[in-house]
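Open the model in your viewer and keep the selection tool at hand. The stops below go from one strand to the whole chain and then to a single residue.

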Amino acid sequence: MPRPQQNIIQLTINGLEVRAVEGSMLVDAARLGDVEIPYFCYQPKLGKPVGACRMCLVEIEGIPKLQTSCSTPVKDGMVVHTETDRVRHAQHAMVEFLLVNHPLDCPVCDKGGECPLQDISFGWGLGRSRFIEPKRHFVKPLELSPLVAIDRERCILCYRCVRFSQEISEDYQLVFAQRGADTFVATSDGHPYVAPFSGNIVELCPVGALTSLPYRFRARPWDVEGAGGICTLCPAQCNVDFTVRDERVLRVLARDNHEVDDGWLCDKGRFGYQAIHADERITRPLVRDGGSLREVSWERALQTAASLASHSGRVGALAGGKATNEEGFLLQRLMRSALRSADMDSRAGGLVEVGIARALAAPELQAAVSDLEFAHAVLVVGCEPLDDAPILDLRIRKGVRRHGVKLAVATARPSALDRNAALTVRYVPGEEAAVLAALDAALADAEVRPAPGTGPTDQSIVALADLLRSGEDVVIVWGERVDAAALPHLLSIARRLGLPGRPGAGLLEIPAGANGRGLREAGMLPNARPGYLSPPQPGAGRAAADIARAAAGGEVTALYLFEIDPMRELPDRQLWSEALHRSSLVVAHASVLTEGLREHANVVFPAESYAEKEGTVVHPDGRLQRLRSAIAHPDQVRAGWWVLAELGRRIGLDTGVLTSGMAFAQLVDSVPFYRGLTLGQIGGRGARWPEREAAQELAVDGPEPATPAPAVERAGLEMADGALRLGKYRPIWASPEVELSPALHYTIARQLLELSPEDARRLELASGQGVVVSQDGTRLNATAHIRTGVPAGTAFLAEGIAEDSANALTDATIAVTKAHGENRRPAASGSGA
């Protein structure tokens with residue numbers, strides 16, 4: 001549905017004339033007149049108010065009874081009183097009722113000093129209690145989840161946490177148990193509250209009933225200070241507020257930005273901060289000496305890394321998603337200008353022709369995150385928002401639930417959004433090009449012929465086309481790992497739907513890395529300079545996969561790895577292992593030693609955490625956001641941009657960069673569509689470059705297809721008896737930060753083999769049973785997980801995990817056998833969610 005029109009009306013509150021948006025809640029309109037109305041249960045992010053706490057009662061002329069201002073929409077000419085005797089008496093009574101059973105333990109409560117109940121008791125309470133009977137008591141605290149403790153005595157039954165579980169994350173785990181004075185928050189099945197967004201209930205709780213176990217008893221509000229920042233643990237780039245004490249991050253809170261995160265955080269972003277201060281973190285330069293990495297001075301580390309100059313023309317570089325725009329810009333400049341090499345990449349999804357890349361980045365095709373709420377239809381193709389950018393999952397659910405967005409999901413693997421979708425389309429892993437070609441044909445009213453063996457039927461493709469044509473504003477969410485051959489079809493579909501230039505519609509890519517989009521725009525590509533400009537010698541550079549082959553073959557003799565371990569992050573683990581082994585010099589920036597770096601790196605520079613960096617990143621919707629230092633660098637850690645600038649100086653390149661701001665200025669001058677942008681304009685909320693006048697500097701020369709491209713014809717995949725087609729995915733928890741954060745250890749991703757109930761019966765497997773997955777001599781250990789919705793004949797394995805990662809497998813099929821000692825016969829029927 002389109003965004004609602006905002007009509008301004010006028011009302012009177014306590015004799016003051018206030019202008020507000022018609023239909024907004026009275027409690028919000030009162031703030032515009034500098035009138036504060038107390039409340040506990042109201043939270044606009046949770047949707048329709050419930051009026052549970054009755055604290056916000058006001059008097060409205062013409063209505064005999066007091067009304068809850070949190071659930072009363074404002075109307076033109078309304079006259080409201082918030083300070084009459086009737087209102088004060090009601091407020092005093094509500095505070096007294098709430099304190100009947102609430103323990104007066106503010107001195108030992110984590111919420112003390114930042115507690116709405118404290119503030120309201122002082123501001124609107126009577127100051128005394130007539131209640132002398134014993135208060136209710138519960139066993140406390142209980143671990144509601146591995147991350148959240150609950151003190152049931154403090155709960156005021158505001159309903160916020162339960163509403164979040166049922167209406168926002170839609171995990172439906174939290175409920176109110178018992179009745180009356182015995183009511184308390186519990187999980188519906190009595191099991192711990194384990195969900196990707198469970199930490200949000202701590203921040204929602206207006207009292208100290210729900211507290212963070214990692215932060216419990218760590219600090220008081222007057223001992224700490226807040227510092228705004230950006231979470232770069234995934235492409236969602238949520239705005240956060242670091243709680244800092246003595247140069248240590250003790251807590252991460254959401255910093256509301258409606259255009260980015262809607263005020264929510266996933267648990268990885270909320271609790272992954274513990275990795276910043278982990279004992280395993282690298283805080284001094286390391287150089288390989290005598291076969292092992294040893295701590296050395298910065299002078300020796302830089303001197304050793306400067307020997308890259310002797311490999312000029314034979315150096316390959318990779319940048320990980322945690323790198324800032326400035327770091328990516330300086331790295332590509334170091335490679336092109338000093339080391340005479342264009343062998344560099346920041347993509348995990350393979351090389352994309354520069355004309356296609358420009359067309360996909362065209363400003364008239366860029367959808368904003370908030371468009372997901374108000375589009376007529378949203379198509380999710382080739383990605384899983386819950387794993388790839390969790391906050392986008394919540395945004396899509398919000399659009400479906402509140403605004404009637406028609407959701408279509410076209411993925412190989414069953415999605416968490418399937419039950420919200422009006423239509424789901426399953427296809428064989430890796431066949432996005434064939435599916436999008438068929439959809440392109442359907443939208444052109446041509447004959448629809450999905451390639452044989454790709455999965456979907458022509459009826460499902462036609463139904464998908466009809467759904468997308470049923471509304472004007474369509475947003476297509478797609479993942480970077482989609483086959484590059486599918487991208488011309490994606491552009492053709494966007495044009496056929498009339499998305500270019502239409503407000504509220506367009507494409508929204510989820511990169512593989514947090515700052516994947518920014519690094520590409522900064523020029524960390526083999527076939528494009530900053531701003532997607534064509535290089536002087538087209539075709540001179542190699543992409544990641546070609547760099548690996550060249551290094552394994554001896555053509556590339558040195559590698560520069562900026563906050564990435566290709567053995568963990570990129571496809572073909574064995575090839576990258578060989579490439580790193582054959583390289584005579586491997587220089588890396590890292591905050592922790594992963595397997596590939598521990599075995600093969602010659603120089604390791606300590607990398608900054610996202611709480612220490614100064615720089616900018618680019619959100620998937622084109623919004624530049626600013627990283628600011630919240631804490632000082634520990635020990636000998638130095639800024640990544642400084643290391644690159646100093647290394648360039650030693651190699652013979654004077655970058656002229658002395659500060660992060662100077663690097664940003666050079667970046668802005670080099671990227672045409674950034675021109676005129678300043679750090680001040682970015683500020684604390686970010687600035688979308690597609691909405692600026694300079695966006696027209698992005699020249700798009702891609703051809704407009706007049707006829708649909710034919711579906712990709714492929715020979716049927718020959719499968720041995722018992723073999724399964726292989727699909728891969730990256731779980732939300734597949735991250736070194738998760739492994740280094742004690743609070744998140746229970747979430748560490750282990751290898752699961754997701755397969756259909758039909759294949760499980762055929763292979764005589766049960767959920768939880770150990771299996772061995774093999775392919776061309778490579779064997780992985782996994783646990784069988786039977787999941788309804790997985791297409792028969794297909795299985796899925798996780799990538800990016802520390803052990804038994806699926807990136808070791810390179811072929812399209814796998815063989816599955818029971819692990820040794822797992823020969824018990826499973827039950828005849830079995831299925832998983």
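Select residues 723-729, strand β29. Of its 7 residues, 6 are buried, where buried means under 20% relative accessible area, exposed over 50% and partly exposed in between, with a 1.4 Å probe and protein chains only. Strands (E, at least two residues) and helices (H or I, at least four) are DSSP runs, numbered from the N terminus.

This is a predicted model, in which local features need pLDDT of at least 70 and side-chain atom pairs count only at pLDDT 80 or more, while totals for chains, interfaces and linings use all residues. Residues are numbered from 1 along each chain as its sequence is written, and side-chain values use heavy atoms, with hydrogens and water left out.

Next, add residues 813-818, strand β34. β29 pairs with β34 in the antiparallel sense, over 3 bridges; two strands pair if DSSP finds at least two bridges between them. Label Leu724 and look across to β34, where Ile814 stands opposite.

Now add residues 794-798, strand β33. Here β29 and β33 run parallel and are joined by 5 bridges. The residue to label is Leu726, with Ala795 of β33 opposite.

Zoom out to the whole protein chain. Its secondary structure amounts to 25 helices and 34 strands. The radius of gyration is 28 Å, close to the 28 Å from the globule rule for 833 residues, so the chain is as compact as a globular protein of that length. That radius is taken over C-alpha atoms, and the rule is 2.2 Å times the number of residues to the power 0.38. Along the principal axes, the C-alpha atoms fill a box of roughly 85 × 65 × 60 Å.

Colour by burial: 61% of the 833 residues count as buried. Among contacts (heavy atoms within 4.5 Å) with a separation of 6 or more, 71% are between residues 24 or more positions apart.

For the last stop, select Ala254, in strand β13 (residues 248-254). Is Ala254 buried or exposed? Its relative accessible area is 12%, so Ala254 is buried. Which residues touch Ala254, leaving aside its neighbours within four places in sequence? Show Glu203, Asn239, Gly263, Leu265 and Arg270, which are in contact with Ala254. Finally, draw a C-alpha to C-alpha distance from Ala254 to Gly269: the two are 15 residues apart in sequence and 9.4 Å apart in space.
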